[in-house]
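Student: Could we go through the sheet in this model together? I would like to learn how its terms are justified.

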Amino acid sequence: MSSPRDLRPTLHSPVASVLRVRDLRKTYGSVRAVDGVSFAVERGTIFSLLGPNGAGKTTTVEILEGLRIPDSGEIELFGEKVTRVGPAQKARLGVLLQEGAFEPYLQVREVLALFSAFFPKSRPPAELLALVGLTEKAKALVRTLSGGQKQRLALAVALLNDPELLFLDEPTSGLDPQARHHVWDILRDLRAQGKTIFLTTHYMEEAEALSDWVCIMDHGRIIAEGTPRDLGSRFGPATFVEFELPSPFLSALSGRFPGKIRADGEHVLLEVQDLTQDLSALLSWAAERGLSLRNLLVRQPNLEDVFLALTGRRLRD
Ligand code: ATP
């Protein structure tokens, strides 16, 4: 059987993608917000555009939602080439409205009834409330909902027209971990039902947990793309060891593990190739000096490491 990677449509493959973008550009004055972006999104997958603030994610998505006109570039949506996204395509898209979009003194079911009036045909509100886990809140006022519940209501509204492609810009921004995981579960369910999800986020964990394919964007360009696992594998068999070390000991440690250390104040990130041997050497080195290596953590490379290696910066600097 083919791996998901083999099935992945490239820009030149004959496999039908929901969305393909070639050399998309958008400039605001002297700012090249989107500077020649190309990618393809396969049906029934979660695709993430990951990047720091100002990378150009929102501009890219707003072009694809039909809210902004690109300066140039090709867009192929639902198999049709368009110069800009118009009403025919928008009818097949779902967009997550930002917080504050819903009247606080309306009931949850009234919000769905109100927004369903925008569409000639819409999914039954009860079905959508069940899907996002809000059935018991149908008669609750919007103002009484928690942040996570409001976000799930926004998801239900985005699904009213039964869209094939759902754009979610920072869908879990400001949510606590439990609420975030609830939204992630819903997104996985939607993917299992065949929906395609286009996620923009600067949460590396979110992109990593959900995505079938990630494009990392910086300064208007895609600087890397692949499955989260493929992107992490650029480090080969390396494992990362994190800990805290009083700054004066850093140069001695650098001598012991040349070229494999990044330090940020007292926080140290050590890239090791042979975990057993190198960790044991590190612990002996620390023990000889009476150092405790506070908050020691052993982990696999993640998307944050990829971004750091490519740009020298953190995603959320
Ligand atoms: P964030 O994660 O903060 O939302 P982003 O990756 O979505 O960031 P964009 O909002 O697309 O990035 O912004 C990309 C660049 O374009 C930034 O430098 C931003 O300041 C600039 N920009 C965005 N919208 C406008 C606008 N309407 N007029 C002028 N500059 C803009």
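Tutor: Happily! Two strands pair if DSSP finds at least two bridges between them, and strands are DSSP runs of E with at least two residues, numbered from the N terminus. This is a predicted model, where local features need pLDDT of at least 70, side-chain atom pairs count only at pLDDT 80 or more, and totals for chains, interfaces and linings use all residues. Residues are numbered from 1 along each chain as its sequence is written, and side-chain values use heavy atoms, with hydrogens and water left out.

Student: How do you know that strand 6 pairs with strand 7?

Tutor: There are 3 bridges between strand 6 and strand 7 (residues 165–169), and the two run parallel. Pairing asks for at least two, so the condition is met. Leucine 93 stands opposite leucine 165 in strand 7.

Student: What makes strand 6 (93–95) and strand 10 (221–226) edge strands?

Tutor: The open sheet has 6 strands in the order 6-7-8-3-9-10, with mixed pairing. Strand 6 and strand 10 each pair on one side only.

Student: Why is strand 9 called largely enclosed?

Tutor: Buried means under 20% relative accessible area, exposed over 50% and partly exposed in between (1.4 Å probe, protein chains only). In strand 9, 6 of the 6 residues are buried, so the rest of the structure largely encloses this strand. Trp213, Cys215 and Met217 cover one side, and Val214, Ile216 and Asp218 the other.

Student: What joins strand 9 to strand 10?

Tutor: 5 bridges do, and these strands run antiparallel. Cysteine 215 has glutamate 225 in strand 10 as its bridge partner.

How values were computed
Helices (H or I, at least four residues) and strands (E, at least two) are DSSP runs, numbered from the N terminus.
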